[in-house]
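This report looks at how aromatic rings and nonpolar side chains are arranged in one protein chain. The sequence and the model come first, and the description follows.

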Amino acid sequence: MESRVLLRATATVNGVPQLRRPIRAINRQFSTASSSFTALAKPIGSIGQGGNLISGRQLRPVLLLDSSPEKREILKPVRAAAAEGGDSAGETKVGFLGKYPWLVTGFFFFMWYFLNVIFNILNKKIYNYFPYPYFVSVIHLFVGVVYCLVSWSVGLPKRAPINSDILKVLIPVAVCHAIGHVTSNVSFAAVAVSFTHTIKALEPFFNASASQFLLGQPIPITLWLSLAPVVLGVAMASLTELSFNWLGFISAMISNISFTYRSIFSKKAMTDMDSTNVYAYISIIALFVCLPPAIIVEGPQLLKHGFNDAIAKVGMTKFISDLFWVGMFYHLYNQLATNTLERVAPLTHAVGNVLKRVFVIGFSIVIFGNKISTQTGIGTGIAIAGVALYSVIKAKIEEEKRQGKTA
């Protein structure tokens, strides 16, 4: 009943719009109609009492503010409903994960580390009996693309539309991603996993160099000084690495350069698209980039004896299963890395990324029993420590810049 009263059309008395009222209220108004112009000439009530200031006049709907008993009876249900709504809003239950968000963040970190370690171990095991990094790189991307297409088909997530303008800015990013991915795998196949990750610790050095000399962005001296132990550590580890060869070393260096340019193009390719869709489109484009080199470089060998040798060593089922799971782990750990970055501060993510590399190096040495010299171990430790120092300093500088912009 109260909603019908509140929503009735307005009536006009002496040219002044008023809310329609019950019959008794209307009779009272007509009995005082002779003073209506006087009432309009001066404010009725105060703003603090609920009046509305419109065009210099203060209007107060009588139905809502009249203190007569019948009006209060009409408003009782409305007030009760409002009170109930306030109570229910105040008593909104927060789930267990909502009370302890650090558990969710910790789970993201754990899965990021776990998937990355499993990927590196399984990837290296595949190369031990199937040394074709170009083809395996294509499989990594192909499985990820299939995963994205299936996810889009069920609406998790909903596919973001793409046009020629977005495609033009994503292609350079995808090309650099493809080159960096393939060269990383060439290095993984040629040398120990631990050595490849030690060389890839130089990536911050290439990022800083590109920012300084290509983008013209000045790099603070503190950042350059923090990179000195990284360069020194990698040099020490390389000189005495037992699995060292130039193919693995140069491929890892090219990977660093490619990922540096990927970062540069990514900054220019900022879109409104969410990170999951962006990574899906980049994976699709990168797949088409990696496919021709794989066919040209390794196609004839694969058809001649590559597939047959692998199947003879481990069997058809294990061979296909290994390729499928290594592709899934590759896609999922990259997606988890992005999701983790969205949940934590840049400094936390930077430190986590360094610790991830330590985990990968440590587990690869244990799992594969790689023998390393004392100098290689010390050099690797110095390089990782330098990367940690660089990450902390850089994250603090970026945080200070953000605070300066918001101040």
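## Aromatic rings and nonpolar cores

One aromatic cluster is formed by Y129, F130, Y132, F135, F307 and F319. The coordinates belong to a predicted model, and the values below are computed from it. Leaving aside neighbours within four places in sequence, F130 is in contact with F135, V136, L302, G306, F307, A310 and F319, a list in which F135, F307 and F319 are also members of the aromatic cluster.

F130 and F135 appear again in the largest nonpolar core, which has 45 residues and in which they, together with W112 and I126, touch the most other members. Two or more residues of this core come from each of the helices α7, α8 (133–153), α9 (164–190), α14 (275–314) and α15 (316–343), and the greatest contribution is that of α7, with 13 residues. Apart from this core lies another one, of 23 residues, among them L223, L227, M253 and I361.

Across the whole structure, a search finds 28 aromatic pairs. In one of them, the ring centres of F110 and F114 are 5.9 Å apart and the planes stand at 15°, which is under the 30 degrees required, so the pair counts as stacked. Both residues belong to helix α7 (residues 101–129), where, being four residues apart, they are separated by about one helical turn. In a second pair, the rings of F244 and F249 have their centres 5.8 Å apart, but their planes make an angle of 50°, so this pair is tilted.

How do the four residues of these two pairs stand with respect to burial? The table gives the relative accessible area of each one.

| Residue | Relative accessible area | Class |
|---|---|---|
| F110 | 53% | exposed |
| F114 | 38% | partly exposed |
| F244 | 27% | partly exposed |
| F249 | 19% | buried |

The value for F249 lies under the 20% limit, so F249 is classed as buried, whereas F110, at 53%, is over the 50% limit and therefore counts as exposed.

For the protein as a whole, the secondary structure consists of 17 helices and four strands. Of its 407 residues, 40% are buried, and the accessible surface comes to about 22,600 Å², with 67% of that area belonging to carbon and sulfur atoms. Among contacts between residues at least 6 apart in sequence, 81% join residues that are at least 24 apart.

Technical notes: Residues numbered from 1 in each chain as written. Predicted model: local features only at pLDDT ≥ 70, side-chain atom pairs only at ≥ 80, totals over all residues. Heavy atoms only, no water. Phe/Tyr/Trp six-rings, centres within 6.5 Å; stacked < 30°, edge-to-face > 60°. Buried < 20%, exposed > 50% of the residue type's maximum accessible area, 1.4 Å probe, protein only. Core = buried A, V, L, I, M, F, W, Y, C linked by side-chain atoms within 4.5 Å. Contact = heavy atoms within 4.5 Å. Areas by Shrake-Rupley, 256 points an atom, 1.4 Å probe, with all protein chains shown as cover.
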